[in-house]
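Here are a few exercises to work through with the viewer open. Try each task yourself before reading its solution.

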Amino acid sequence: MVVPLSRMCEGEKGKIRKLELPPLTRERLCGLGFVSGEEIQLVKVAPFGDPKVFRIKGTDITLREDISMWILVETSSVPLSYAANGEYLVSIINGGMGFRERLRMVGIEVGKKITVTGNIGKRIEINANGIRSALSRGQAMRIIIRER
Amino acid sequence: MEKHRDGIESRKSTIALLGNPNVGKTSIFNALTGSRQVVANWPGVTVEKRAGVMKHHNHTVDVVDLPGTYTLGATSLDEKIARDFLVNEKPGVAMVIGDAVNLERSLYLLLQVLELRGDVVLAVNAVDEARKAGFEIDKNELSKQLGIPVVVTSAITGEGIEELKNTLVKSTKSSSHVHYLFSDEVEAHLRDLSERIRGNPSMAGFDERWLSIKLLERDHEVQKITGITLDYDFSVEIAETRYKYIKRILSTSVKGKEKIGWNFSEAIDHVMTHRFLGILIFLAVMYIIFQLTFTISGPLSIMIEELLGGLGRAFGGFIGLDWLRSLVVDGIIGGVGAVLVFVPNIFILFLALGILEETGYLPRAAFVIDRLMYAMKLSGRSFISMLLGFGCNVSSIMSTRSISEPKERIVTILVSPFISCSARLPVYVLIAGTFFGARAGVVIFFLYVLSIVITVLSALLINKLFFKGEPSTLIMELPRYRKPRLSSILLYTWNKGRHFLEKAGTIILGASVVIWFLSYFPSEGTGSFAAMIGKSLEPLFIPLGYTWEMITSLVFGIAAKEVIVSSLTTFFGNLSISGSSLGAIRTLITPEIALSFLVFVLLYVPCMPTLAVIKNETGSYKYVFFSVFYSLAVAYIVALIVRIVGGLI
Amino acid sequence: MRGRSITFWLMLGGVLFAALALNSFYGLLLTNHDPFLAIIIGINSSIYFFGIAEKKSDVRKRYSHLLVGSFFSYVLSIYQVLVVFSVWLEGLLISSCLLTVEILNLPLIVSGFAISFLFDFARKQIETNNF
């Protein structure tokens, strides 16, 4: 799926699709290797959530959200909170036993299929195997999903 | 690949060094020129220019170190300088220094240079690190593919430097350069544009193909020079073609399997940029640096003071004329001494900063606290400069050199004087101690907090005033960590420290003589010109309630803020009835006036060395004037508020 | 590499420097009371402890904590030596010896140099193993 660079998961890799940035910024990034088709990886997130370190062409570059949200990448995994409506597979759940248990009770488990039926405002609506649930953004950020 | 003749004449005796930042360009420059180098500024700007001379086998060649850039576009000041130098000065050889571990990106710059001219040499540096990582670079194959001489080097081990020198000296006048082909559509446009340009006689000194490529990339400078602006933009396609070509070259010239798993740098970074540990480590590093600076420079400063004292006595001994003696001892030695006492402080601070920069830690520190700085429309890099301000504003302003965003740099420079430097501390201790006794500590703490608050507010205000409140852009590379070389660090420290001495020293010397003159004539102390100035300014300060002695000390404090202490003790010492020379002023000045005075000292005009450095680093007097008036205004207003509010409590 | 021995060294480093931190905070054994330094030593200790907090299977992360932690300890020792040097120098200038045993803070200096050997160990592990 195609998402803004700022929404990638830590450690994940993606391929650059488009740079929707002003020409001056685009040229600077170009010299650093930010071109279509190039592989990019999110290496690290700063203590407060921004900026982030990306690895491209073997170099680590720091970018803030004001730039990374305008770079579109194609990646396989994304936190659930950024998923558009559709069918996905749960790939990782970042949380303790209690969290996983609560999710299992609504049908959300690693390896299982889920469908996102609504993603607006503060809640994300899920349908997992017939069981409907609504998760908060914070919870959804800890669930990593991939395309089927 | 075609070979293409151009008609550009080259001056044989200069070598220009280009390369991405962090590839070791400076190390190579040092290796080529040794200590025969001069650091100055590129004319009209505050970007460092390094130039030197290379002597090798009876050849003497000039070497110029151009600023590190990723491309030869015109988007940043560094790029402009590099490109302008190549285009206008036409050096005999353009050497591009690449990073063996990141060759792909280095070659992007190389290709841009090749598009512009011939007589290019490629030095692939850090080849020892590449080997450790599992790559082997076939320089002959690279050379064949690119059509230019290629040398592999390691600035750290010294490998390849001899060969590099031989190659540079041998560089023949082959004014042919190699280029590669873009897509048919782009090539067609290039042919058309080249035709148009060739017809224009004023473009005779330039290579048409290069100009055409730049026009298709919508390069502003080239558009201006040629007068041609196109509707279409092929920059993306051109960039992609270059990278495709690079990938092809690398597939045959670089062999070896990349190691999976972490390398040394990544391992370190896991902790250095750790979610929790990152900031803690940063604070710890800052603490260690500050403590070391104060602790070590303490005795060294004492030594210098003693030396100067001895010098003063020696001179005083054999100068008969009273006024001349006073001029030499109090004016010159005293005044300049005020600067020299700073020297250990400054040098150690720069030494520490140099180590942080050489090892590669600085970008990590900036990364970790960036979020906090973003609220002030600045970035992490500024934070480090500001922290230095707690030691000395001069070093903090000088350290802004490495902030790449010009807007951010200026804001940081203008805001630095509000950071309470170590010179103001003696004043705080003296006044707070006299008026607030046991509570002195609280008062001083309040002053530091106020300093930070005003700094933050000023940053926002100045940004809004001068730059319409736009935040700066952050695109920062985190280079590999490397073992710092003692010689590089020492050279770095020496350059920065010498800069401080030259600039601050000359201004302070002049100011010291002037102040000495004002306080010595017509009669010392209360009958002097200085006192007259103080008394004449008294009406302005009525709302604040300062006496002429205080005002005069403030005037003297412009030379260096510690001078306020000695001035005050001199003036009030004459009035002392009881033991403490300042006990007398307790009757003249109320606590809230004293507090407001402290606030005034904290915020008012930056000291002379600081003003000198502001002029130097911003390159214009406009900012110096702004600094003076703005800080006076802020000082007056805040001091007034403090006095009024204090009177109510 | 065996996960258990790294845990041992991390534990050792963490506990040792936590103890040194408390030592500086309260000025117990051969040290002056210095709360700020205590905080810094405490940060060093936490580098080791956070290493233990990493998943056991993530060997490379644990090694990196060992690497940075031991280097930091080494830096602390050097820092202390420099501080002692300047106090000595100051004493020289005012013609009286300012050095006391407490100012030396031998526990810190010795521990820092001792544990710095781990740095080379950790570095070698990282460079020769592909974790």
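**Exercise 1.** In this predicted model, work out how many residues of chain C and of chain B meet, and which helices of chain C supply them.

*Solution.*
- Step 1: start with the count. On the chain C side, 25 residues make contact, and they meet 24 residues of chain B.
- Step 2: assign them to elements. At least two residues each come from helix 2 (35-53), helix 3 (59-93) and helix 6 (117-128) of chain C.
- Step 3: find the main contributor. That's helix 3 of chain C, which gives the most, with 14 residues.
- Step 4: sort the chain C side by class. You get 15 nonpolar, five polar and five charged residues.

**Exercise 2.** Describe the fold of chain C, then set it against the transmembrane spans that UniProt lists.

*Solution.*
- Step 1: count elements. Chain C has six helices and zero strands, so to speak an α-α-α-α-α-α run from the N terminus on.
- Step 2: get the dimensions. Along the principal axes, the C-alpha atoms of chain C fill a box of roughly 55 × 30 × 15 Å.
- Step 3: check burial and contact range. Of the 131 residues of chain C, 37% count as buried. Take the contacts in chain C between residues at least 6 apart in sequence: 71% of these join residues at least 24 apart.
- Step 4: bring in the record. An unreviewed UniProt entry lists "transmembrane region" for residues 7-29, 35-53, 65-87 and 93-119 of chain C.
- Step 5: look at two of those spans in the model. Residues 7-29 of chain C are 87% helix and 0% strand, with end C-alpha atoms 27 Å apart. For residues 93-119 of chain C the figures are 67% helix and 0% strand, and the end C-alpha atoms lie 37 Å apart.

**Exercise 3.** Which of the pairs of chains in contact shares the most contacts, and which elements of chain A take part?

*Solution.*
- Step 1: rank the pairs. Two pairs of chains are in contact, and chains A and B share the most contacts. Chains A and C can be struck off, as no contact joins them and their closest C-alpha atoms lie 13 Å apart.
- Step 2: count the A–B residues. There are 28 from chain A, in contact with 28 from chain B.
- Step 3: name the elements. Helix 1 (23-31) and strand 5 (59-63) of chain A are the ones that give two or more residues, and helix 1 of chain A gives the most, with eight.
- Step 4: classify the chain A side. It has 14 nonpolar, seven polar and seven charged residues.
- Step 5: zoom in on strand 5 of chain A. Four bridges join it to strand 12 (residues 475-478) of chain B, and the two run antiparallel. Within that pairing, I61(A) stands opposite E477(B).

**Exercise 4.** Is helix 1 of chain B mostly covered or mostly exposed, and what follows it?

*Solution.*
- Step 1: count. Helix 1 (residues 25-33) of chain B has nine residues, and eight of them are buried, which makes it mostly covered.
- Step 2: name some. The buried ones include K25(B), I28(B), F29(B) and L32(B).
- Step 3: step past the end. Next comes G34(B), with a positive phi near 65°.

**Exercise 5.** Find how far apart the two domains of chain A sit and how many residues join them.

*Solution.*
- Step 1: set the bounds. Domain 1 covers 2-75 and domain 2 covers 78-147 of chain A.
- Step 2: take the separation. Their C-alpha centres lie 25 Å apart.
- Step 3: count the contact. Each domain of chain A gives four residues; on the domain 1 side these are two nonpolar, one polar and one charged.

Notes: Residues numbered from 1 in each chain as written. Chains lettered and ligands numbered in written order. Predicted model: local features only at pLDDT ≥ 70, side-chain atom pairs only at ≥ 80, totals over all residues. Contact = placed C-beta atoms within 7 Å. Nonpolar A, V, L, I, M, F, W, Y, C, P; charged D, E, K, R; others polar. Pairing = 2+ DSSP bridges. Buried ≥ 20, exposed ≤ 12 C-beta atoms within 10 Å, placed from the backbone. UniProt positions renumbered as here; feature names shortened; annotations may be inferred. Domains from an automatic or database assignment.
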